[in-house]
Amino acid sequence: MADKVKEVAIEEAERLRNLTADAARSAAYLYPIRGIAYFLSHKSLWKPLTSKLAPTMTLGVGITTFMFVFTYLPQAAVMAFTSGPLAAITAALLVLSESSTLFTILSKTFLIDDALVDTFDGVLLSKSTTDLVSEGRQVKAGGDPIAKLGKLVKSPLAKFTPKAIIRYVMYLPLNFIPVVGTVIFVLLQGKRTGPVAHTRYFQLKRWNKDQQEKHIEQYRGAYTGFGVAAVLLELVPLASIFFAFTNTVGAALWAADMEKQCITKEGTAPRLREQAKKAE
């Protein structure tokens with residue numbers, strides 16, 4: 001039995017290693033960074049965010065305060081046995097991760113889901129992929145990309161995913177393993193988050209479940225790279241509202257590149273690969 005467990009552990013470690021290597025080669029982790037730059041340089045895309053800023057900031061402050069007041073010390077005490085002198089830092093990161101997850105779930109369920117859809121569609125319009133957007137909503141003439149957005153002709157995406165919460169809770173104990181456990185936790189969360197970022201794209205493409213899974217598997221490394229970068233950016237709840245929108249912008253830019261078929265076999269634009277090589 002012990003040998004079998006060891007064998008499975010080795011296989012899983014090798015799989016994660018290969019996945020990490022594929023993610024690095026794809027350079028898809030740069031799309032969230034591109035999303036920040038594109039968002040800041042296109043003021044018309046700020047409208048969905050500014051319309052939701054006050055209630056989401058209030059929610060973020062409330063959740064973070066509650067989590068630190070009631071959960072930080074108990075978790076730091078447990079971490080003292082597993083992380084030693086790093087317990088205070090590890091516990092703080094864990095509480096921030098938990099707060100971020102709660103904030104993301106609640107805000108996307110009740111506050112910003114429609115605004116994120118508008119942002120995604122607005123970016124696609126700005127990248128001249130109007131035909132794709134028209135598959136999911138009416139597109140008006142004239143104005144900036146956000147002003148062109150008309151009534152949705154497809155129902156908004158599912159706002160609540162119990163499986164994601166269950167999976168998060170299952171992975172949470174990994175954080176009790178110093179450093180390595182947290183890295184694995186972020187990697188696994190990124191693996192899930194990457195494909196979720198393109199849910200709207202899949203909806204606009206009218207892909208069925210099999211088509212989506214085939215596409216995701218083809219670019220598994222790229223989606224994981226994107227997801228890890230997005231998870232890290234959204235780690236701090238007070239800033240995650242901003243990064244939720246910029247990550248959406250990055251996902252839309254990636255979708256636009258896919259539509260224009262100007263991507264490499266790894267699933268990203270050639271210029272991103274060049275940027276990644278220069279950074280090495």
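# Helices H2, H12 and H13 in the fold

Phe-242 is partly exposed, with a relative accessible area of 25%, where buried means under 20% relative accessible area, exposed over 50% and partly exposed in between (1.4 Å probe, protein chains only). The structure is a predicted model, in which local features need pLDDT of at least 70 and side-chain atom pairs count only at pLDDT 80 or more, while totals for chains, interfaces and linings use all residues. Residues are numbered from 1 along each chain as its sequence is written, and side-chain values use heavy atoms, with hydrogens and water left out.

The secondary structure of the protein chain comprises 14 helices and two strands; helices (H or I, at least four residues) and strands (E, at least two) are DSSP runs numbered from the N terminus. Of the chain's 280 residues, 46% count as buried. The chain exposes about 14,400 Å², of which carbon and sulfur atoms supply 65%, the areas coming from the Shrake-Rupley method with a 1.4 Å probe and, for residues, with only the protein chains shown counting as cover. Among contacts with a separation of 6 or more, 72% are made by residues 24 or more positions apart, a contact being heavy atoms within 4.5 Å.

Several aromatic pairs show such links between distant parts of the chain. A search of the whole structure finds eleven aromatic pairs, for which rings of Phe, Tyr and Trp (its six-membered ring) must have centres within 6.5 Å, with planes under 30 degrees apart counted as stacked, over 60 as edge-to-face and the rest as tilted. Tyr-31 and Trp-254 form a stacked pair, 5.4 Å centre to centre and with 15° between the planes. This pair links distant parts of the chain, since Tyr-31 belongs to helix H2 (residues 31-41) and Trp-254 to helix H13, 223 residues apart. Tyr-31 counts as buried because its relative accessibility is 0%, and Trp-254 counts as buried at 0% as well.

Phe-39 and Phe-242 form an edge-to-face pair, with 5.7 Å between the ring centres and 80° between the planes. Here too the partners come from distant parts of the chain, Phe-39 from helix H2 and Phe-242 from helix H13, 203 residues apart. What is the burial state of Phe-39? With a relative accessible area of 2%, Phe-39 is buried, whereas its partner Phe-242, as stated at the outset, is partly exposed.

Charged side chains also connect H2 with H13. Eight salt bridges are counted, each being a side-chain nitrogen of Lys or Arg within 4 Å of a carboxyl oxygen of Asp or Glu. In one of them, Arg-34 meets Asp-257, the closest N and O atoms being 3.5 Å apart. Because Arg-34 lies in helix H2 and Asp-257 in helix H13, this salt bridge ties together parts that are 223 residues apart in sequence. Arg-34 is buried, with a relative accessible area of 18%, and Asp-257 also counts as buried, at 3%.

Helix H13 has a further partner in helix H10. Glu-259 forms a salt bridge with Lys-205, whose closest N and O atoms are 3.0 Å apart. Glu-259 lies in H13 and Lys-205 in H10 (residues 199-205), so the pair ties together parts that are 54 residues apart in sequence. Glu-259 counts as partly exposed at 26% relative accessibility, and Lys-205 counts as partly exposed at 29%. Elsewhere, Asp-118, Asp-121, Arg-137 and Arg-200 are linked in a network of salt bridges.

Helix H12 (residues 220-233) has 14 residues and reaches 20 Å from its first C-alpha to its last, close to the 20 Å expected at 1.5 Å a residue, the expected span being 1.5 Å times one less than the number of residues. Why is H12 described as largely enclosed by the rest of the structure? Twelve of its 14 residues are buried, among them Tyr-223, Phe-226 and Leu-233. Tyr-223 and Phe-226 also join Tyr-31 and Trp-254 in one aromatic cluster. Arg-220 of H12 is partly exposed at 23% relative accessibility, and its side chain meets that of Glu-217 in a salt bridge (3.4 Å, N to O).

On the surface, Leu-53, Met-57, Val-61 and Leu-238 form a nonpolar patch with about 290 Å² of accessible area together. Patches consist of residues with over 30% relative accessible area and no salt bridge, like charges being joined within 9 Å and nonpolar side chains (Val, Leu, Ile, Met, Phe, Trp, Tyr) within 5 Å. Helix H4 (residues 53-82) gives the most to this patch, with three residues, while Leu-238 lies in helix H13 (residues 237-259) and counts as partly exposed at 41% relative accessibility.
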